[in-house]
Amino acid sequence: MQCMMLFHEDATEQAAGRGGGDPAYWPAWMAYVQALNESGLVVSGHGLQPPAAATLFRLRDGKRVVHDGPYADTKEQLGGYFILEVPDIATALEWAARCPAAARGTVELRPVLPPPPAA
Amino acid sequence: MSEAARAAELAARASRARLVAMLAARGTGLAAAEDALAEAFAAALATWPGQGVPANPEAWLLTAARRSIGHLRRHDGVRAAAAGALAMAAPLADDEPADNIPDDRLRLLVACAQPAVPEAMRAPLMLQVVMGLSAERIGPAFLMTPAAMGQALVRAKAAIAASRTAFSLPDRADLPARIDAVLAAIYAAYGAGWEEFSGADATRPDLAEEALWLARLTATLAPDQPEALGLLALILHCEARRPARRDEGGRFVPLAEQPCARWNGAMIDEAEAVLARAARLGTPGRFQLEAAIQSAHAMRRFGRQVPWDAIAKLYAGLLQLSPTLGAALGEAAAIAELSGVEAGLARLDGMEARLVAAHQPYWALRAHLLAQLGQDAAETYARAIGLTQDTAVRAWLVRQAAKAG
């Protein structure tokens with residue numbers, strides 16, 4: 001099965017500079033991403049620039065609305081994601097447990113919808 | 001919670017394992033015994049704080065549970081009313097002296113670890129059935145959602161109900177093997193408690209302490225089984241060091257750097273006494289060897305050097321009985337201390353790449369040894385850091401890597 005792993009990080013920390021000045025932040029993330037890549041489970045994935053860098057687009061009553069981010073004013077914000085090819089959710093949870101985002105944010109696992117049947 | 005309520009809860013909890021075991025082993029079945037006990041507990045917690053804990057709490061709870069079973073049989077499906085009815089019926093007579101309640105707890109432990117129950121579910125099952133913990137508490141420790149853990153527990157209980165050996169006690173000849181399965185499950189429960197260390201939350205029952213209680217119980221119920229004593233000694237040694245695994249700032253402290261004054265001396269003394277009793281029974285085993293290794297590390301308490309030669313031999317013996325990756329790494333670390341870092345690294349080089357790829361302790365030890373030799377350890381540290389679950393250990397490895405770089 002394919003599973004999306006989303007990293008939700010503390011929004012205040014993200015805005016102030018990732019990790020809130022924790023010197024272990026970047027080494028921990030680089031090491032985690034490397035270990036995950038070497039597991040052979042990664043289909044794709046990226047870290048994202050802070051939510052303030054987002055550009056938002058909506059159509060309202062036929063009119064275009066274009067905004068700067070963040071998308072929503074929430075305590076945690078999306079910081080990055082991976083698509084994993086895993087035998088089961090338990091395997092994905094093992095990697096969630098190793099993720100540096102877990103201690104101060106949330107790691108979300110979402111199974112990917114299977115492709116629609118061919119017409 | 002008031003003091004009376006707390007006393008009621010402790011008294012009720014102390015009786016739980018004995019009562020579930022007795023009811024389940026005598027025809028009530030596991031799930032029904034737990035339901036009846038839950039209702040008896042609700043009645044106790046509703047009445048004991050006001051009226052005081054009865055002279056014989058166990059007999060009180062047993063009578064209440066039996067009434068609940070009767071009530072449930074008469075009004076199948078009308079369960080919600082039972083707890084209220086029981087509360088009104090209290091106080092119950094102490095009509096059954098506690099001495100007459102047979103101790104079926106060994107049967108219960110063996111039942112939870114029988115072949116019909118999948119190996120991975122034995123520890124969770126014991127934590128629920130014997131210790132009374134909820135699926136909400138147990139699930140996350142085993143990296144499962146509460147709902148998935150709840151369903152798996154229901155399936156495990158159904159498997160016991162369907163098995164022919166459900167609550168039978170094995171013959172003396174079979175007992176050691178069945179006890180081994182019980183001990184392996186308690187060890188797994190302790191391991192889950194150990195992993196959770198950094199997330200310790202005072203309001204949640206500590207799984208490591210629950211596992212220690214289970215090990216103590218098994219050693220009490222099977223005092224002539226040397227491995228039961230061995231596991232108790234092992235867990236006591238590990239628990240004795242738990243306070244020393246973090247400094248005042250919450251930072252991780254590796255074993256070699258822990259100040260012995262922060263170890264729990266009374267627990268280590270108890271561990272040594274239990275291990276000596278096991279040794280007198282004359283049949284070594286995996287847990288006794290592991291406890292002996294921890295005992296050797298504890299020599300530092302008396303101002304003695306850590307006896308790495310003895311530790312290496314103990315690991316070699318352990319590898320013959322139980323060839324695990326953890327034991328092989330322990331042996332490699334001991335060899336590095338005893339015969340030099342290169343010899344330790346050579347052991348690591350000989351391990352199968354596929355087995356160690358995602359095994360954090362392998363990369364942490366390898367990085368440590370490479371750094372000692374003054375070789376480039378950056379990538380190896382990174383591998384260990386990326387595989388670490390414990391936040392404090394991760395931060396410590398990042399600091400070690402920076403020092404080595």
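1. Chain A contains 3 helices and 6 strands. Read from the N terminus, its elements follow the order β-α-α-β-β-β-β-α-β. The model is a predicted one, and the points below should be read with that in mind.

2. The C-alpha trace of chain A spans about 55 × 45 × 20 Å along its principal axes. Of the 119 residues in chain A, 34% are buried. Its accessible surface is about 7300 Å², and carbon and sulfur atoms account for 58% of that area.

3. Contacts in chain A were sorted by separation in sequence. Of those between residues at least 6 apart, 76% join residues at least 24 apart. As for charge, chain A carries 9 positive and 13 negative charges, and the mean positions of the two groups are 10 Å apart.

4. Chain B has 20 helices and 0 strands. Its C-alpha atoms fill a box of roughly 75 × 45 × 40 Å, taken along the principal axes. For 405 residues, a compact globule would have a radius of gyration near 22 Å; chain B has 24 Å, which agrees.

5. In chain B, buried residues make up 50% of the 405 residues. The accessible surface comes to about 18400 Å², with 55% of it belonging to carbon and sulfur atoms. Among contacts between residues at least 6 apart in sequence, 66% join residues at least 24 apart. There are 41 positive and 43 negative side chains in chain B, and the centres of these two sets lie 1 Å apart.

6. Helix H5 of chain B covers residues 105-112. Is this helix enclosed or open to the outside? Because 7 of its 8 residues are buried, H5(B) is largely enclosed by the rest of the structure. The buried residues are B:Arg105, B:Leu106, B:Leu108, B:Leu109, B:Val110, B:Ala111 and B:Cys112. Their cover includes helix H1 (3-28), helix H2 (30-51), H6, H8, H9 and H10 of chain B.

7. Helix H9 of chain B runs over residues 175-195. At 1.5 Å a residue, its 21 residues should span 30 Å, and the C-alpha atoms at its ends are 30 Å apart, so the expected and computed spans agree.

8. Which residues of H9(B) are buried? They are B:Leu175, B:Arg178, B:Ile179, B:Ala181, B:Val182, B:Leu183, B:Ala185, B:Ile186, B:Ala189, B:Tyr190, B:Ala192 and B:Gly193. An α-helix has 3.6 residues a turn, so residues three or four places apart point the same way. The buried residues of H9(B) pack against H5, helix H6 (119-129), helix H7 (135-141), helix H10 (207-221), helix H11 (226-241) and helix H13 (286-297) of chain B. H5 is thus listed among the partners of H9(B), and H9 is listed in the cover of H5(B).

9. B:Pro146 lies in helix H8 of chain B, which comprises residues 146-162. Is this proline buried, partly exposed or exposed? Its relative accessibility is 33%, so B:Pro146 counts as partly exposed. Leaving aside neighbours within four places in sequence, B:Pro146 is in contact with B:Ala135 and B:Glu136. B:Ala135 is 11 residues away from B:Pro146 in sequence, and their C-alpha atoms are 5.2 Å apart in space. H8 also appears in the cover of the buried residues of H5(B).

Key:
Residues are numbered from 1 along each chain as its sequence is written. Chains are lettered from A and ligands numbered from 1 in the order in which they are written. This is a predicted model: local features need pLDDT of at least 70, side-chain atom pairs count only at pLDDT 80 or more; totals for chains, interfaces and linings use all residues. Side-chain values use heavy atoms; hydrogens and water are left out. Helices (H or I, at least four residues) and strands (E, at least two) are DSSP runs, numbered from the N terminus. The expected span of a helix is 1.5 Å times one less than its number of residues. Buried means under 20% relative accessible area, exposed over 50%, partly exposed in between (1.4 Å probe, protein chains only). Contact means heavy atoms within 4.5 Å. The radius of gyration is taken over C-alpha atoms; the globule rule is 2.2 Å times the number of residues to the power 0.38. Accessible areas come from the Shrake-Rupley method with a 1.4 Å probe; for residues, only the protein chains shown count as cover. Lys and Arg count as positive and Asp and Glu as negative; His and the chain ends are not counted. The place of a charge is taken as NZ of Lys, CZ of Arg, CG of Asp or CD of Glu.
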